[in-house]
There are 2 protein chains.
Amino acid sequence: MLKKERQELIIHEVNLHNKVLVADLSAKISVSEDTVRRDLIELSDEGRLVKVHGGAISNSFRNSYKHTDVYSLDQKKVIAQKAVSVIRDGMLVFTTGGTTLLEMLRILPRSLRATFVTVSIQGAFELMQHPHIEVILIGGKLSHSSQIVVGGEAIHRIRKFNADLAFLGVNAIDTERGITDNDYEVTLIKQAIIESSAQVVALSIAEKLNTVQKIQVCPPEGYQTLITELPPGHPLLQPYHNKNKTIV
Amino acid sequence: MLKKERQELIIHEVNLHNKVLVADLSAKISVSEDTVRRDLIELSDEGRLVKVHGGAISNSFRNSYKHTDVYSLDQKKVIAQKAVSVIRDGMLVFTTGGTTLLEMLRILPRSLRATFVTVSIQGAFELMQHPHIEVILIGGKLSHSSQIVVGGEAIHRIRKFNADLAFLGVNAIDTERGITDNDYEVTLIKQAIIESSAQVVALSIAEKLNTVQKIQVCPPEGYQTLITELPPGHPLLQPYHNKNKTIV
DNA sequence: AAAAATCCGGCAGAAACCTGCAAGAATTAT
DNA sequence: ATAATTCTTGCAGGTTTCTGCCGGATTTTT
């Protein structure tokens with residue numbers, strides 16, 4: 001069998017089954033695993049599939065995420081960068097939804113080894129791109145408005161965890177009223193997450209500081225750390241320093 | 001034999017078999033391999049075939065596979081169309097992962113009012129785009145290789161449902177060995193889904209018919225309906241008719 | 001932390017390739 | 001018709017490519 005022919009067969013097989021194992025291909029076309037591996041490397045270089053440990057996966061399988069325009073993206077990137085610095089290998093981390101959170105998940109270092117628990121499908125999707133991160137999805141009814149899982153079943157599941165860290169994308173935050181939101185179901189979920197985490201990190205763009213929404217997620221003492229795009233010494237953050245918050 | 005004549009013969013061979021080996025041609029027309037090689041180079045320069053190490057392949061060879069890539073998207077659309085016709089308002093429907101399934105979810109009519117339960121994050125994402133569909137996500141650990149939720153917790157959850165319908169994207173299907181797959185975790189999930197559904201619909205492109213993978217998902221009697229891109233009367237489907245499957 | 005699977009780089013034999021050359025065939029010029 | 005020229009073909013040799021194997025490094029899994 002011609003080399004080219006073999007490679008086309010591999011491509012075909014990958015597109016058909018979304019993934020292939022080196023050992024299977026080796027058996028199927030009767031060549032050594034080394035040869036298959038070399039073929040996969042070549043095909044991968046040509047961008048026709050994605051090589052992974054032990055085999056390869058179709059790239060149509062992987063590339064379906066679209067980077068939608070997000071409001072004030074640059075600020076969110078700064079926040080994301082700071083947030084990443086709080087995470088350590090081996091941690092169990094909760095995350096909620098929200099574009100700032102997604103931005104953060106996207107830039108997590110490839111080498112990070114941690115377990116993430118999330119209620120956000122997009123969040124889960126981003127996390128899946130990272131090879132060494134274990135992703136646990138909370139099940140339940142999906143809310144169309146917030147794109148996250150909500151409901152009693154979800155809350156019950158969340159309560160089972162004792163996370164090291166929770167990242168909360170906030171809608172409004174204020175020194176007096178704490179974190180507030182305007183979607184009742186979402187507040188319930190966030191409350192459950194807060195209660196199940198040792199440390200709660202609130203992520204907020206400066207614009208949301210000192211704003212209040214209709215429903216309280218947690219009082220001012222409900223979270224310990226605040227991350228914004230502003231430098232920690234910025235005057236706007238002084239009131240939070242006064243409340244003994246860790247400002248990153 | 002004239003040079004021209006010989007080259008036409010080579011072209012004929014290539015078009016007939018899609019590939020030729022230098023050694024074969026040399027033997028067949030009783031000229032040295034060098035001559036064949038030189039002919040192949042000339043023909044390749046003229047663009048009448050593609051020379052590769054060891055022989056040559058027909059122009060349409062690379063194309064034919066590429067064709068099937070695009071083509072198979074069309075096939076999936078046909079399957080999706082048929083699958084949609086099986087769903088009725090008010091149904092509780094299970095879906096697994098797989099690109100064919102995603103294609104189907106994408107084209108669901110906007111007016112459909114039903115509840116979908118899924119283990120696929122991409123599937124959930126697609127379903128979220130439909131305003132009147134309630135989406136329930138099964139929670140659990142996400143498998144990197146298959147992009148769906150797996151594990152005992154997920155299976156336990158799945159068992160709680162009594163769905164009207166399950167759409168199963170299959171990896172391999174055969175009249176004797178039933179539906180098979182090559183990822184153990186995935187087979188467990190699919191089995192749970194099958195057991196929790198009144199009617200099981202298998203979605204498969206024709207190319208996967210009569211193929212077998214390593215682990216059985218269910219025996220031939222485990223599903224009731226088969227949907228492919230072929231018309232229901234196609235001879236390839238006759239064996240499935242004989243097994244009393246509903247062919248759409 | 002150990003055990004298993006996978007990967008990587010180098011090696012070696014075989015097969016395929018290329019280059020130059022020379023003899024014969026075909027074509028053209030005289 | 002003959003000589004000169006060009007084409008074609010096979011061969012010899014040296015080079016490159018392909019492939020399987022092996023040992024050690026790396027990654028994954030238990």
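**View 1. What the protein touches on DNA strand D.** Of the strand D atoms within 4 Å of the protein, 62% are sugar or phosphate atoms, and the rest belong to bases. This is a predicted model: local features need pLDDT of at least 70, side-chain atom pairs count only at pLDDT 80 or more, and totals for chains, interfaces and linings use all residues. Residues are numbered from 1 along each chain as its sequence is written, chains are lettered from A and ligands numbered from 1 in the order in which they are written, and side-chain values use heavy atoms, with hydrogens and water left out.

**View 2. The protein surface around DNA strand D.** Here 18 residues surround the strand, where "near" means a heavy atom within 4 Å of it. The closest are Thr35(A), Arg38(A), Arg6(B), Thr35(B) and Arg38(B). By class, the surface has nine charged, seven polar and two nonpolar residues (Ala, Val, Leu, Ile, Met, Phe, Trp, Tyr, Cys and Pro count as nonpolar, Asp, Glu, Lys and Arg as charged, the others, Gly among them, as polar). Helix 1 (3–17) and helix 3 (33–45) of chain A, and helix 1 (3–17) and helix 3 (33–45) of chain B, each put in at least two residues; helices are DSSP runs (H or I, at least four residues), numbered from the N terminus.

**View 3. Polar contacts to DNA strand D.** Such a contact is a pair of N or O atoms within 3.5 Å. A polar side-chain atom of Thr35(B) sits 2.4 Å from a phosphate oxygen of the strand, and a backbone N or O atom of Ser32(B) is 3.1 Å from a phosphate oxygen. With Asp34(A), a side-chain N or O atom lies 3.3 Å from a base nitrogen.

**View 4. Helix 1 against helix 3 in chain B.** The two pack at about 75°, axes 10 Å apart (axes are lines fitted to C-alpha atoms over the stretch in contact, and angles run from 0 to 180 degrees between N-to-C directions). They are therefore roughly perpendicular, a label for 65 to 115 degrees. Among the residues in contact (heavy atoms within 4.5 Å) are Arg6(B) and Ile10(B) of helix 1 and Thr35(B) and Leu43(B) of helix 3.

**View 5. A salt bridge in chain A.** Arg6(A) and Asp39(A) pair up at 2.5 Å, N to O; a salt bridge is a side-chain nitrogen of Lys or Arg within 4 Å of a carboxyl oxygen of Asp or Glu. Arg6(A) belongs to helix 1 of chain A and Asp39(A) to helix 3 of chain A, so the pair ties together parts 33 residues apart in sequence.

Methods
A polar contact is a pair of N or O atoms within 3.5 Å; within protein, one must be able to donate a hydrogen and the other to accept it, and residues adjacent in sequence count only if both atoms are side-chain atoms. Angles under 35 degrees count as roughly parallel, over 145 as roughly antiparallel, 65 to 115 as roughly perpendicular and the rest as oblique.
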